[in-house]
Structures are given as C-alpha cells and as structure tokens.
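Biologist: Thanks for sharing this one with me. Could you take me through a single part of it closely, and then show me how that part sits in the rest?

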Amino acid sequence: MPREIITLQVGQCGNQIGGEFWKQLCLEHGIQPDGLLRENVPSPDSSGNDAASPSPSSADNPAATGANNHGVGNPSSGHNFIDDRKDVFFYQSDDEHYIPRALLIDLEPRVVNKL
C-alpha cells in the first residue's frame, strides 16, 4: 500500500521554505509548474556523456553520479521518471495533472498567493 505525505506550511517562513521544497520536488520528479509530467526527458546517451565510463570523481562518490539511497537519479543525468513514487507527495487527478498534497496556512495572503 503506498504511503502518502501531506505537508503543513505555516506562516511566512514556513510557506517560503515550503515553496522551495516543492520546486525541488517537482524538479526531481519531472513535474512542470502547471502540474503536468515533463515528456521530453533526455536519455543518458543523449546528454553527450558516455554512460559506460563515469568520471573518476563520480566513481567514488554516489552523489556525484546523481543517485541517492532510494535509486532516484538526478533529472540532469537523464533519469527516467516513470518508476519513481510521485504518489507519495502528489495526487494525480483524472486529467493527468499532479497536485501537491499540502496545506498552506498564513494570515497574510501575499506569500500564499505568490506560490
């Protein structure tokens, strides 16, 4: 059963930090600002780098190759976004849009409206 996480962002600072968090999460999962999945994700071979021969600095450092402990690569490394778990942080609507699971709370509407 998939797990779902709902973020709670409170106040100006919480909403500004949360906005940066969601930008990074969308980048990592290949989701555009309009909520649609990025279609033209470059493959490892099309980036101009030879996938078979990593650089010496990246051979010893897993973070330099774009991989983390969960097997999700860096979007710039040509990671295929099909197998990652978008449903943990996002709800996929019937029209294929990904909607963040987040509650934004603030008494001043300017910060929330900016996101």
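In which strand does Leu 103 lie?

Modeller: Happy to! Leu 103 belongs to strand β4, which covers residues 102–105. Please keep in mind that this is a predicted model. With a relative accessibility of 49%, Leu 103 counts as partly exposed, because the exposed class begins only over 50%.

Leu 103 also has company at the surface. Together with Ile 6, Leu 8, Val 10 and Ile 105, Leu 103 forms a nonpolar patch, and the accessible area of these residues adds up to about 500 Å². Two strands, β1 (7–10) and β4, each contribute at least two residues to that patch. As for the whole chain, about 8,400 Å² is exposed, with carbon and sulfur atoms supplying 55% of that area.

Now for the setting. The chain contains 3 helices and 4 strands, and reading from the N terminus the order is β-α-α-β-β-β-α. Of contacts between residues at least 6 apart in sequence, 62% link residues at least 24 apart. Buried residues account for 25% of the 115 residues.

How far can you trust the model here? Strand β1, one of the two strands behind the patch, has the highest confidence in the chain, at a mean pLDDT of 95. Helix α2 (residues 56–60) is at the other end, with the lowest mean, 43. Across residues 42–73 the pLDDT stays under 50, and the model has 21 contacts beyond four places in sequence for that stretch. The average over the chain is 74, and 60% of the residues reach at least 70.

Ahead of β4 in the sequence there is a backbone detail to look at. Glu 96 sits in the loop between β2 (90–92) and β3 (98–100), and its phi is near 70°, a positive value in a residue other than glycine. Most residues other than glycine have a negative phi. Glu 96 counts as partly exposed, because its relative accessibility is 47%.

Since you work at the bench, you may also want to hear about the cysteines. Searching the whole structure turns up 0 disulfides. A disulfide is a covalent bond between the sulfur atoms of two cysteines. Cys 13 counts as exposed because its relative accessibility is 52%, whereas Cys 26 is buried because its relative accessible area is 16%.

To return to your residue: Leu 103 is a partly exposed member of β4 and part of the nonpolar patch.

Note on methods:
Residues are numbered from 1 along each chain as its sequence is written. This is a predicted model: local features need pLDDT of at least 70, side-chain atom pairs count only at pLDDT 80 or more; totals for chains, interfaces and linings use all residues. Side-chain values use heavy atoms; hydrogens and water are left out. Buried means under 20% relative accessible area, exposed over 50%, partly exposed in between (1.4 Å probe, protein chains only). A disulfide is a pair of cysteine sulfur atoms within 2.5 Å. Patches are made of residues with over 30% relative accessible area and no salt bridge: like charges are joined within 9 Å, nonpolar side chains (Val, Leu, Ile, Met, Phe, Trp, Tyr) within 5 Å. Accessible areas come from the Shrake-Rupley method with a 1.4 Å probe; for residues, only the protein chains shown count as cover. A salt bridge is a side-chain nitrogen of Lys or Arg within 4 Å of a carboxyl oxygen of Asp or Glu. pLDDT is the predictor's confidence in each residue, from 0 to 100. Contact means heavy atoms within 4.5 Å.
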